[in-house]
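Subject: Structure for you, with notes on what was found

Dear colleague,

I am handing over the structure we spoke of, and below it I have set down what was found. Please read the notes with the structure open beside them.

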Amino acid sequence: MKITKVLKFGGSSVGTPKMIKGVGEIVKAASKRDRVAVVVSAFQGVTDQLLKCVRLTAKNDKRLFDELKNLKERHLKAVKLLVRKPKYLRNNVLAHVESLFIELVAVLEKIAKEKGVSNKNLDWVASFGERLSAYIIAASTKNAYFVDARELVRTDNNFVNAAVDFNATNRKIIHFFTEKQRGKETKNKIPIITGFLGSTSKREITTLGRGGSDYSAAIFGAALGVKVVEIWTDVDGVMSADPRLVKRAVVLSQISYEEAIEMAYFGAKVIHPATMLPAIKKGIPILIKNTFNPITPGTWIQKKMVLEPFVKGITAIDDIVLVNIGGVSLGGIPGSAARVFEATARAKANVILISQASSEYTICFALKSAELSAALKVLREEFRKEIKSGQVSISTVPSQAIIALVGDGMRGVPGIAGKLFKAIGDNGVNISAIAQGGSERNISFVVDLADKAKALNVAHDEFFLGATKNIFLIGTGNIGGTLLDQIHNLSKSDFNRLRVCGIINAFNMLTSESGINLGGWQKKLEKGEKPDFEKWLNWAKELPLGNKVFVDCTASDGVARKYIEIAEVGFNIVTPNKKFNVRPMKEYKKLREVMAKNKNQFLYETNVGAALPIIAPLQDLLKTGDRITKIEGVFSGTLSYIFNNFDGTKPFSKVVEEAKKLGYTEPDPREDLSGQDVGRKLLVLAREIGYELEFKDIEIENLVPAALQRVKVPGEFLKRLKEFDGYFKKLLEKAYSQNKVLRYVARLERGRAVASLQAVPLDNPLASNRGADNIFAFWTKRYKERPLVVQGPGAGREVTAAGVLADILRI
């Protein structure tokens, strides 16, 4: 039966005997469905150790003997743990390992006698890793046999990175496996093949360079015409971004060959492009799988293009320097670009990205930092005359990174670049250069290295998660706690756009760059660290994420004082806390200037009417040219409830007590009865329509009798409030005698802001207020005869939290 599948296991998959047993189970399961061949790398870290032995040999360093001893013991131990029965087989394998180490020592002795270390000898030493691992794994795998790829893969003598002679190699592989299939001892058994290795026509050992074992798998797969080449590694598949930098990176189910090549070129650890070529030429799919999580589906790399999603991967290259060559001598003169890039070629500098304006006066390109010195030397010599005469200048921008978006689906789709660059710009990341190929499969841009992680996260969130908002919440009381529950209960599509990264209250704090699972958030928070607001805030500032939203659900003036500092480092701010909007006018204006500069938002709809739409409609009226002439209303849900229920059937103190029991008042009802909160709301609205008032300018009637304002215990205050029931009863009776009702009214007109208890006529909209409703009446240039009235619940944690959530979603 013909071999139909090649499985390749890298060093990370065969690092320990336990891992090798896991590989054996995967191979066993695969062999039940297909006729398989297996390609293996050296045990994890062994190739590096072997090359270290070469360096120690060249230096005559005595540490060589310890290194060899450790290597030998590791392989002998693996044999003893993996090959237990039959005893003769175990002894044969141990003897073979001993003989390979005798050969290795002989090679190292030869190197010690020579001047310098040749690439030929490097390949010889490096070959022992795969020769040892494949032999041991073959012996430990049931119904398997060892295959030495040196006998089959024919290469040139470009040691360390040998080129394969595919005609000779394919003939040898086909002939070998045809004969093995006929042989009694090997028929239907599983070949375990050394990866990474080949040999010249003179039988000199060669290695296949970076990704050599992957390359070996593709070489054998293409020669045998298999239906799939499986690359088993230590990740679940090809990721949409580097998961070390982008915590919400996802596994891609499938990508095209071209996408894989683009992603690998721009830094993604997918599979080296050159290693895929044999499979690509034959149209053989490659499947990336996780040795340690074999039930996951992995990622298919194949010829077929899948256009959804538009963007498949977002990758980055570090340690880049931009070189700018500009001057009048370059514009419109044929051959200028050729001179630039022929010079860099002579310097053996690899140009990674090119960007040139249509004016042709400037050519910008990116190099690895290590290649800059040689490139500049050659370029300055090439343009020596032009530089001397001032016609050409050369400048560099160090410490840069290239970010690349890759996806077949981007081709021909308008708006992809616009969406990308808007998101990057809105999050305060400057772009140094941009390049896009004619295939439209790749959009690349250059940013400061310090902004790399942020740019990756912003781009990834924009295209994979729908512009995710990263939330940092302080205060988990009635409003904050309810808000977290509401976010948790959102539909999946909305929830995926909100990532709560930080929570802090007076007792604990919790942080997670990848987002906190809000199921049972209370218990998780209780197990969190002790609260340190400065530490928590600094962590949030440093996090390389875009679209950050600071949500203040406290009533703290201390937190409000931090808003400008928080805004200056790029946060949006959402809050029901009125304390900032009533701070001195200088700070009020400064925050808005910072937000405008950074293109961020400060949203506080719940400052005035909880979930009632007050601020946004007011702003819309002003934006469309209307002018506000008067605002009047009942701005406090607490005072609304108290005076809607104070109808003479119960004493005033009793109504206040009931309001407290129902949760309408603050723990100390005097905070509500003082009118201070209504005054703050009135100031917020006054400033919103252009009056530059301070809090001291608001005229506020305090309903707390003077004799009770200094009572220390709230419970004592409620007891003594009964002493003043007669006073409030007289006010009520007087109002009734005039066909009026009592309401605590806020009024803003002609720059004067007043909050006071008033007797309101029954035909006034404020008189019809019920329950704990707030009511706002706006008289404007357009609403002259009858005001625009907004009425509804003005208190309660559910509606207020919903208003905060609406602001977050509005960012």
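How many cavities of 30 Å³ or more does the count come to? The count comes to 1 cavity of 30 Å³ or more, and please keep in mind throughout that this is a predicted model.

The cavity

The largest cavity has a volume of about 40 Å³, and its lining is made up of Ile-20, Val-23, Gly-24, Val-27, Val-38, Ile-137, Thr-141 and Ile-192. Helix 1, which spans residues 17-33, gives the most to this lining, with 4 residues. Sorted by class, the lining of the largest cavity holds 6 nonpolar and 2 polar residues, and no charged ones.

The sheet of 8 strands

One open sheet has 8 strands in the order 3-4-2-1-7-9-10-8, and its pairing is mixed. Strand 3 and strand 8 (254-256) stand at the edges with a single partner strand each, so one side of each has no neighbour in the sheet. On average, and with direction ignored, neighbouring strands of this sheet are turned by 20 degrees against each other. Helix 7 (residues 212-224) packs on the sheet, where it touches strand 1, strand 2, strand 4 and strand 7 (228-233), and the direction of helix 7 makes about 170 degrees with that of strand 1.

Within this sheet, strand 1 (residues 5-9) pairs with strand 2 (residues 36-40) in the parallel sense, over 5 bridges, and Lys-5 stands opposite Val-36 in strand 2. Strand 3 (residues 144-147) and strand 4 (residues 190-194) also pair in the parallel sense, over 4 bridges, with Ala-144 standing opposite Ile-190 in strand 4. Between strand 3 and strand 4 the chain crosses through helix 6 (residues 166-182), and this β-α-β crossover is right-handed.

Two points in the backbone

In the loop between helix 6 and strand 4 you will find Asn-188, which has a positive phi of about 65 degrees although it is not a glycine. The other point is a cis peptide bond that joins Lys-85 and Pro-86, with omega at about -10 degrees; Pro-86 lies in the loop between helix 3 (63-82) and helix 4 (87-113).

The sheet of 6 strands

A further open sheet has 6 strands in the order 24-26-25-23-27-28, again with mixed pairing. Its edge strands are strand 24 (699-700) and strand 28 (788-793), each of which pairs on one side only. Strand 25 (residues 740-749) and strand 26 (residues 752-761) run antiparallel and are joined by 10 bridges, and the bridge partner of Leu-748 is Ala-753 in strand 26. Helix 23 (residues 615-623) lies across strand 23 (628-634), strand 27 (773-780) and strand 28, and runs at about 170 degrees to strand 23.

The second largest pocket

Which residues lie nearest the centre of the second largest pocket? They are Ile-479, Ala-555, Lys-578, Glu-666 and Asp-677, from a lining of 43 residues. The elements that give two or more residues to this lining are helix 15 (478-488), helix 22 (606-609), helix 24 (637-645), helix 26 (670-673), helix 27 (676-688) and helix 30 (797-810). Helix 27 gives the most, with 5 residues. About 1200 Å³ of space lies in the second largest pocket, and by class its lining has 14 nonpolar, 20 polar and 9 charged residues.

With best wishes

Terms used: Residues numbered from 1 in each chain as written. Predicted model: local features only at pLDDT ≥ 70, side-chain atom pairs only at ≥ 80, totals over all residues. Heavy atoms only, no water. 1 Å grid on protein atoms, 1.4 Å probe; cavity = no way out; pocket = protein on both sides within 12 Å on 5 of 7 lines; lining within 4 Å. Points joined across faces, edges and corners; volume = space filled by probe spheres on them. Nonpolar A, V, L, I, M, F, W, Y, C, P; charged D, E, K, R; others polar. Pairing = 2+ DSSP bridges. Right-handed = clockwise from strand over helix to strand, strands pointing away. Contact = heavy atoms within 4.5 Å. Axes fitted to C-alpha atoms, helices over the stretch in contact; angles between N-to-C directions.
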